[in-house]
Amino acid sequence: MEQPADTVLVIDFGAQYAQLIARRVREAHVYSEIVPHTATVAEILAKKPKAVILSGGPSSVYAEGAPNVGAELFRAGVPTLGICYGFQAMARALGGVVDQTGGREYGRTSLEVTDTGSTLFRGSHADQPVWMSHGDAVVAAPAGFRVTGTTAKTPVAAFEDDQNRLYGVQHHPEVMHSQFGQLLLENFLYRGAGITPNWTTGNIVDEQVAAIREQVGTKRAICGLSGGVDSAVAAAIVQKAIGVQLTCVFVDHGLLRKGEAEQVEKDFVAATGVQLKVVDAEERFLSALAGVSDPEEKRKIIGREFIRVFEQAEREIVAESADAGEPVKFLVQGTLYPDVVESGGGTGTANIKSHHNVGGLPEDLQFELIEPLRKLFKDEVRQVGRELGLPEAIVGRQPFPGPGLGIRIVGEVTKDRLDLLREADAIAREELTAAGLDNEIWQCPVVLLADVRSVGVQGDGRTYGHPIVLRPVSSEDAMTADWSRLPYEVLAQISTRITNEVADVNRVVLDVTSKPPGTIEWE
Ligand code: XMP
């Protein structure tokens with residue numbers, strides 16, 4: 001895909017912040033992409049960026065093997081903003097002094113801005129809370145730079161060179177806790193780099209529709225719908241591009257939550273007009289899962305069965321089509337930008353996490369891939385889904401694992417247990433929505449401890465029932481998470497309803513573990 005004309009490149013020095021910076025730039029309506037720090041200056045300039053942002057990084061500029069930035073980048077005439085490590089690397093490359101001052105700053109710090117009329121700080125306050133995370137500090141700015149910010153422990157916490165359009169800050173403007181962070185990024189983009197903010201997710205849809213039409217021609221494509229946001233939005237874009245040349249396959253494995261299969265089968269089809277083949281494979285999955293308690297084993301079984309059912313569906317689609325016998329050429333997948341960045345993005349960075357696709361389809365399925373969301377972050381995918389008219393119940397859905405409720409039952413998966421968990425989960429979701437908390441939490445797994453029983457008392461009798469675990473978490477990307485501090489009244493209401501309305505459950509417990517050390521899911 002062509003890169004938009006006004007592209008900002010975020011150079012990733014290895015901390016988690018690069019993705020966040022890229023998202024914030026896009027929130028400022030400027031298109032951004034991430035490149036690894038191993039890219040050469042020539043490679044960076046070949047992409048003709050309108051501006052460059054150097055991200056933070058984990059290391060000291062003096063550490064052995066610390067990523068280096070050649071001074072050529074700063075002499076190329078491209079407006080550049082250095083952040084944290086990027087700021088120090090810029091200072092050092094241009095002749096400033098970076099020192100081990102011994103004054104580490106972590107977390108919230110007060111930044112004193114010496115010129116609130118400067119390019120970066122215009123419109124913000126002289127004294128502002130910012131988020132810091134560094135040991136080394138810049139103690140002397142390079143020649144030609146004006147120091148515009150200091151903190152108690154960092155003499156040079158921000159510098160600006162309007163003539164060469166080079167800027168740097170020690171703090172992390174991309175982090176929510178930096179009060180004027182977004183303003184600073186926008187000041188850099190609009191004033192420092194002179195970029196006009198005109199990028200929206202709408203541009204991506206138009207661009208993708210044209211590209212997909214060209215790629216597919218008159219051939220056919222198929223897409224596995226999982227019930228989640230990504231595959232739904234990917235399918236909707238492809239449907240917009242090629243209409244009846246696309247067939248979606250929905251494998252109902254019986255491990256979905258209450259109402260989700262209906263949402264795909266009715267609401268999604270009504271909103272998009274997509275051709276859908278539904279395969280009711282509940283019995284097949286449940287018999288394959290019978291007697292299995294080990295989480296990894298369950299995942300393997302579910303993955304294997306999924307592939308078999310999907311392949312069978314593809315054969316049927318081929319057999320039933322007007323041009324019977326002509327194989328389906330394209331497979332649509334809802335791969336997102338973080339998956340692309342984290343699996344190296346074809347740019348030669350380390351594989352942090354091998355990207356798992358929608359249904360875990362094997363490579364020997366002979367399809368060419370269509371991945372219309374490869375450039376988008378999750379929140380942008382939701383936005384695109386709304387623009388395409390998808391129902392809020394699908395677009396606003398929280399992440400849900402491919403193996404579904406199969407990995408939220410600790411113990412063997414049976415139909416009865418699934419039904420019980422579906423009821424408990426539906427109550428929790430209903431109450432969280434009613435309390436207006438959907439946007440506060442990243443996701444809230446509801447887990448059935450099927451192998452645990454405890455004593456309770458209900459009515460006049462003693463019970464011996466199962467506990468349900470609530471696992472509400474807040475997160476930016478699911479790599480790390482914290483347990484959500486939900487209001488007690490909401491927890492009480494969920495607990496009361498689940499224990500009253502769901503037979504065989506006599507306790508509701510709250511998981512108060514962050515990730516790490518816990519994972520989000522229990523299995
Ligand atoms: P964990 O449990 O690893 O979960 O902290 C991180 C995120 O990934 C989801 N998850 C999965 N998604 N297949 C999936 O498609 C899986 O096997 C799987 N396991 C966990 C989880 O819901 C969370 O959003």
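1. Let's start with cysteine 84. In this predicted model, cysteine 84 counts as buried, at 4% relative accessibility. You will find cysteine 84 in the loop between strand E4 (80-83) and H3. Leaving aside its neighbours within four places in sequence, cysteine 84 is in contact with Gly56, Ser133, His134, Val169, Gln170, His171 and His172. Try showing those residues together with cysteine 84 on your screen.

2. Next comes histidine 172. The loop between strand E11 (166-169) and helix H4 (181-192) holds histidine 172. Is histidine 172 buried or exposed? Histidine 172 is buried, because its relative accessible area is 1%, and buried here means under 20%. Setting aside neighbours within four places in sequence, histidine 172 is in contact with Tyr17, Gly56, Ile83, Cys84, Trp131, Ser133 and Ser178. Notice that Gly56 appears among the contacts of cysteine 84 and among those of histidine 172.

3. Why look at these two side by side? The UniProt record, an unreviewed entry, places the feature "active site" at Cys84, His172 and Glu174. These residues are spread over 91 residues of sequence, yet they cluster in space, with a largest C-alpha distance of 11.0 Å. Of these residues, Cys84 and His172 are included in the lining of the second largest pocket.

4. That brings us to the pocket itself. The second largest pocket has a volume of about 250 Å³. It is lined by 17 residues, and the closest to its centre are Pro58, Ser59, Ser60, His134 and Gly135. Which elements give two or more residues to the lining of this pocket? They are helix H3 (85-93) and strand E7 (127-134). Sorted by class, the lining has six nonpolar, nine polar and two charged residues.

5. A second annotated place is worth a visit. Under "binding site", UniProt (again an unreviewed entry) lists Ser226, Gly227, Gly228, Val229, Asp230, Ser231 and Ala232. Serine 226 lies in the loop between strand E12 (221-225) and helix H6 (229-242). Serine 226 is partly exposed, with a relative accessible area of 33%. The side chain of serine 226 reaches the backbone nitrogen of glycine 228 at 3.1 Å, and glycine 228 is also on the UniProt list.

6. Aspartate 230, from that list, is found in helix H6. Aspartate 230 is buried, with a relative accessible area of 17%. If we do not count residues up to four places away in sequence, aspartate 230 touches Gly334, Leu336, Leu373, Lys378 and Val381.

7. Isoleucine 394 connects with the listed residues too. Val229 and Ala232 are on the "binding site" list, and isoleucine 394 touches Val229, Ala232, Gln263 and Phe268, not counting residues up to four places away in sequence. Isoleucine 394 lies in helix H12 (residues 392-395) and is buried, with a relative accessible area of 2%. Isoleucine 394 and isoleucine 441 are 47 residues apart in sequence and 16 Å apart in space, C-alpha to C-alpha.

8. Threonine 119 gives you a side-chain contact to look up. Threonine 119 sits in the loop between strand E6 (105-113) and E7, and counts as buried at 9% relative accessibility. What joins the side chains of threonine 119 and aspartate 162? A polar contact of 2.7 Å does. Leaving aside its neighbours within four places in sequence, threonine 119 is in contact with Glu160, Asp162, Tyr167, Asn187, Arg191 and Gly192.

9. Finally, some backbone features. Most residues other than glycine have a negative phi, and most peptide bonds are trans. Lysine 48, however, has a phi near 50°, a positive value. Lysine 48 lies in the loop between helix H2 (41-46) and strand E3 (51-54) and counts as exposed at 64% relative accessibility. Aspartate 504 also has a positive phi, of about 80°. This aspartate is found in the loop between helix H14 (488-501) and E23 and counts as partly exposed at 43% relative accessibility.

10. The peptide bonds have their exceptions as well. A cis peptide bond joins lysine 515 and proline 516, with omega about -15°. Another cis peptide bond joins proline 516 and proline 517, where omega is about 10°. Proline 516 lies in the segment after strand E23 (505-510), and proline 517 lies in the segment after E23 as well.

Note on methods. Residues numbered from 1 in each chain as written. Predicted model: local features only at pLDDT ≥ 70, side-chain atom pairs only at ≥ 80, totals over all residues. Heavy atoms only, no water. UniProt positions renumbered as here; feature names shortened; annotations may be inferred. Helix = DSSP H or I, 4+ residues; strand = E, 2+ residues; numbered from the N terminus. Buried < 20%, exposed > 50% of the residue type's maximum accessible area, 1.4 Å probe, protein only. Polar contact = N/O pair within 3.5 Å; in protein donor to acceptor, adjacent residues only side chain to side chain. Contact = heavy atoms within 4.5 Å. 1 Å grid on protein atoms, 1.4 Å probe; cavity = no way out; pocket = protein on both sides within 12 Å on 5 of 7 lines; lining within 4 Å. Points joined across faces, edges and corners; volume = space filled by probe spheres on them. Nonpolar A, V, L, I, M, F, W, Y, C, P; charged D, E, K, R; others polar.
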